[in-house]
Every structure is written in C-alpha cells, then in structure tokens.
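Colleague: Could you take me through one part of this model slowly, namely the place where two domains of a chain meet? I would like the setting described as well as the contact itself.

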Amino acid sequence: MIPNCPEGTTFRAESNIMRKEELLLKKKKKMTPKAKREAIWGFVFIAPTIIGLLILNYYPIIDTVWQSFCKTGDFGIGNTFIGLNNYIKLIHDSEVFSTLWNSFKYAILSLPLTVSISLVLAVLLNRKMRGRGLYRTVYFLPMVCAPAAIAMVWRWMFNQDYGLLNHIFNAKISWVTDPTIALIAIVIVGVWSAIGYDMILLLGGLQDIPKDYYEAASIDGSSGVHAFFRITIPLLSPMLFFIIQTGIMGALQLFDLPFMIMDQSSRAWPKVKTITYLFYEYAFEKSNRGYGAAIIMFLILIISVITFILQKTEKKWVHYD
Amino acid sequence: MGWKAKKNLTAVVIQCIMIIGAVIMITPFIWMLLTAVKTKSESISVNPFYIFPGGSWHFENFVQVWNSYNFLILYKNTLLMIALRVLCACLTATLAGYAFARLKFPGKNFFFAIVLVQMMVPGQIYIIPQYLMVSKLHIMNTQFALLLPGAVTAFGTYLCKQGYQSLPASLEEAAELDGCNIGQRFLHVMMPLTRSSLVSLGIFTALFAYKDLMWPMIVCPKSDATTLTAALSRLQGQFGNNYPQLMAGAVMAVIPMLVLYLIFQKQFVEGIATSGGKL
C-alpha cells in the first residue's frame, strides 16, 4: 500500500544542495522578473497536487487524530470529546491485541517464505534459458487479479469436501474452518500472490550486478553457494530491505484476503481476523468511528516503531555502493 | 561427467523447478475456469480433473450471474473509475513532478516535504474522514466518491519528479533559446520524454484502483454503483456455496485486466517493477 523510496539517502544530500541554493536566492532578496515568472509557473504546477493533498490527506490526518479522542454519537452522528478514554479502552481490549498478533503472525509466516522463494526463482531465472519470458508472465499473473477474486477461487480450492487441494492430497483437511490451520491457508494464498512481484523486483536487482564480480570471484576460487552469499546477497540487500520493509507494512495492513476467504461466523475467524479488519468493523459496521480511529492510530504507532527500528538497523546489513 | 553434461543437467533441473512453479501458479486459474462451466451438482460430485464432466460445458452460470448482478454496469463503473483516476493522477503528478524537478520557487522544499510525508503514512488513516466528506457532500454511490481518494498522488509526483530529473538540462536550455516559455517547454519538450514514467504511473494507478476493496465497499454500497471487486464480496453472500456461479463471477471480474495484461505484458511488469510501488 505504501509506495516507498529506496533511495532515501540521495534525497537528503539533494535537499541540502537545494537549501543552499535557496539561501543564495534569499540573499539576493529581490527576484528578477525571469525568476518571478518561473516561481509563478512552479506554484501553478504544484497547486493541484498540494491543494489535493491538503484536503484529501492532511485534513484527514488531523480529523482522525481528533476523532480518536471522541465518542461517536448514536447512529454515527456527532462527536463528544472524551479525552483518552478510547485509548484506555483500547489497551484493555484483548481483541485489539489478538487481532494485532494475528497480523504479526501472518507477517512472520509469510514474509520469509515469500522472500526466499522469490529469491530462488529470481536467481534461477537470471540466465539465458528457454521460456524465460513465459515464466515471468505466469508468475506475475496474481498481481493483475483482484484479491477478492483470488480469495474466492482459493476458498473453493480449500473446500473440505470438494476442493481441489484435498482431492490432490487425498485428505480431509478443513483448511479454513480449523482454527489451528486457517492462518496457514491465508499465508499460502498470500505467498502465492506475492512471489511473482518480488521475483521481478529481485530479478531487476540481479541484473544490475556486474558480471565481472563473479568472474573475479571464480578466479579467486569462489563460486556457487559461496559467491551467492558473498556477492549476490550483499549487492541485493537494498532491494531485499525494500521488499522486507514494504512486506511488513503490507502484512500489518492486510484486509481483503482473510475477509474474503473466511466465513465470519466460523470458529476459526478469531484466529485470522486482522487488526485492519477490526478497524473496518468498528468504523463502518458498528459506526463507532472514535474507537476505530483510536485503533488505526495505534496501528500507525506500531508501524512507525517498526519502520524506525528498520531504518536504524539498515546500515548494519544493507550495502549501498 | 563432463562439464557440458553437467551444465545440461543443471539446465534440465532448473527447467523442472520452473515448470512445477508455473503449474502451481496457473492451477487456480484453470480450476476457476473449469468450475465455472460445471453445474452445481457436477462441481461437487465429479472428479475435478474431468474437463467435460457432463459431456458439455455449461455457460448458464455466466448468464445467471450476469443478469442478477448487472455486470454491464459494474464494468462501466470500474472502467470509468480507473479512467478518471489514471487521468487525474497522471495530469496532476506530471505537472507537480516537473515543477519539483526543474523549477525554482520559494518554499519548494517545504512543499516537497508535504508530498514525502504523505507517502510514508499508512493509507487507512485517511479513510474515516474521506468517508465523512463523501457522505456530507451527498456523493455516496457516485463516480466522484470512487474517484476522490485517487484524485491526486504523492507517490506519482515523486515518480514523475525522478523521471524529469533524469533528463539532461541542455534539452530545456535549447528550447529556452528558441524562445519557448516554461509552459511550452514542459508540454512540447519535457513531458513527452517522460512517457515511460507516466505509463508506469498509469498502470500502477489502474491496478491499485481495480484491486481496492475497502473503499468501494464503504462509499458505494448500492449494487448498481459499485465496482467489480466490491461486487464480488456481495456475490459470495448471495450465491453462498454455489461455486460454479461464484467462479463465473470471478472469471468475469478478472478477465478484462487479464486480457490487458497479456497484451501489454512488458509495460505491466516493467512499469510496476520500476515504479517500486507496493500494491
């Protein structure tokens, strides 16, 4: 969901230069007519985007924060300020923590699988071989399908009595109704949907690694697995970092897959219900927007902490040229 | 074993792995198609690998789902939403991206920070107030409601800015010497050269809009105002365990994008991969 910029570092350097330029401009005080014209063009060009962002995104941020301190009136009308009450209710609400834990479990189970499978596929595909373009097309297929449709198909594949999976394995596994394995079913669909996309990203990263690195390494007598861990992984680490970071965010914001695959009346539902679904439920089904807003603020706090930790540890294992 | 034989063996093993993977990727799609042309009793009684269970395919499921859900309107809604969002996003983003990359104006860093911060905040924080806006403006169940969150794009602005930055400055200087003003330089010289970032942004926006479930479910609950994706969630409620009909609905929902993808594969794959956007 969140587009991210892997090259955050170049930015900072760039904005420093811009700041210097601006200081110079300020020293001159008066703008030349040409500079004035340029500034007017600049403002006209950014106006739609900036005004749109202020109305559609910045006002909502403030409004959500405000609502998280309010009690929503009956039938979802009106707000009454109640201070921290929503947050106090939240930290005593076991459902918030169980759904958050479900989202985390989904991330912990799906991310290593997705990353390792797509990495292997990318390495295998990174060579001249027959059918390369076809494989790329096929593995990428789930990316262009609505998750709602994918979820419906998998729900049918998982069907206990007539589903394809139980047919193939000749088993009677209750994939989506057994509380202990329901989450695994969701993870299977999540991994299946994501590997094509991550594989393409990693393939792009692999193609940027100069071939002479491997040649030099093989002269030094290192190849195969050794070269993979000494050359491929370090040079791929910025891309891996990007995939892991966006993967964690995506997992914590998971909504459509569990919602479409599972029956909300099933006994397994509490084991796969995600925190984003809990937010949706309070904000739009129970018309308790105040509490919904508090839940989303809580989730954003968690995501910020994780992002912060990731950024801090980034330098330890991510190699930039 | 000689070097060449070993190399051949490796190639065979890799091909096997890739084929197994491809079969796993494609099986759900085939299963979806095969189920959609069965009757309900066939779908729960016959061995799933029979391709012609009752001697022939049944296309009634498509007709029934089409009629009871008015897919024509769903297609129209979805297409219009995608077209409007792509148009708005590309237009506003390419303008702003050009200004941020190429023009000098006071407060540029501050305004760019506004763009960057929006990219970092998880999307759900906007939903409640955006929904309240839609309901106060009385545009629930309309195209405007579907368009609203996608009208401008911080991510697209960033993407376009990078596109403009990669162009050499000499191009613009030449145009300036020829007497072009900034608007002409943008329109005739620079924008056409960033076509690839615009294509990326367009594909990304289209896919994002097409796949989104929560927003259309909230602002367009009426079945004749909603999108394909959101209609699927209702379909499940209505047809329950009639999987052939559900699959027929799913096929009709995924086919348009699938066909587009198969035609414009290269642009899709590269556009999404190079934009670095997470769907």
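**Where the two domains of chain B meet**

Modeller: In this predicted model, the centres of domain 1 of chain B and domain 2 of chain B, taken over C-alpha atoms, are separated by 34 Å. Domain 1 covers residues 3-62 of chain B, and domain 2 covers residues 67-275. To the contact between them, domain 1 of chain B brings 10 residues, while domain 2 of chain B brings nine residues. On the side of domain 1 that touches domain 2, the elements of chain B that give two or more residues are helix 1 (3-36), helix 2 (40-45) and helix 3 (60-69). Helix 1 of chain B gives the most to that side, with four residues. Sorted by class, this side of domain 1 of chain B has four nonpolar residues, four polar residues and two charged residues.

As for the chain around this contact, chain B has 15 helices and zero strands. Its radius of gyration is 24 Å, well over the 19 Å that the globule rule gives for 279 residues, so chain B is more spread out than a compact globule. Taken along the principal axes, the C-alpha atoms of chain B fill a box of roughly 75 × 75 × 35 Å. Of the 279 residues of chain B, 46% count as buried. Finally, if one takes the contacts in chain B between residues at least 6 apart in sequence, 74% of them join residues at least 24 apart.

Definitions and conventions
Residues are numbered from 1 along each chain as its sequence is written. Chains are lettered from A and ligands numbered from 1 in the order in which they are written. This is a predicted model: local features need pLDDT of at least 70, side-chain atom pairs count only at pLDDT 80 or more; totals for chains, interfaces and linings use all residues. The radius of gyration is taken over C-alpha atoms; the globule rule is 2.2 Å times the number of residues to the power 0.38. A residue is buried if 20 or more other C-beta atoms lie within 10 Å of its own, exposed if 12 or fewer, and partly exposed in between; C-beta atoms are placed from the backbone. Two residues are in contact if their C-beta atoms, placed from the backbone, lie within 7 Å. Domain bounds come from an automatic or database domain assignment. Ala, Val, Leu, Ile, Met, Phe, Trp, Tyr, Cys and Pro count as nonpolar, Asp, Glu, Lys and Arg as charged, and the others, Gly among them, as polar.
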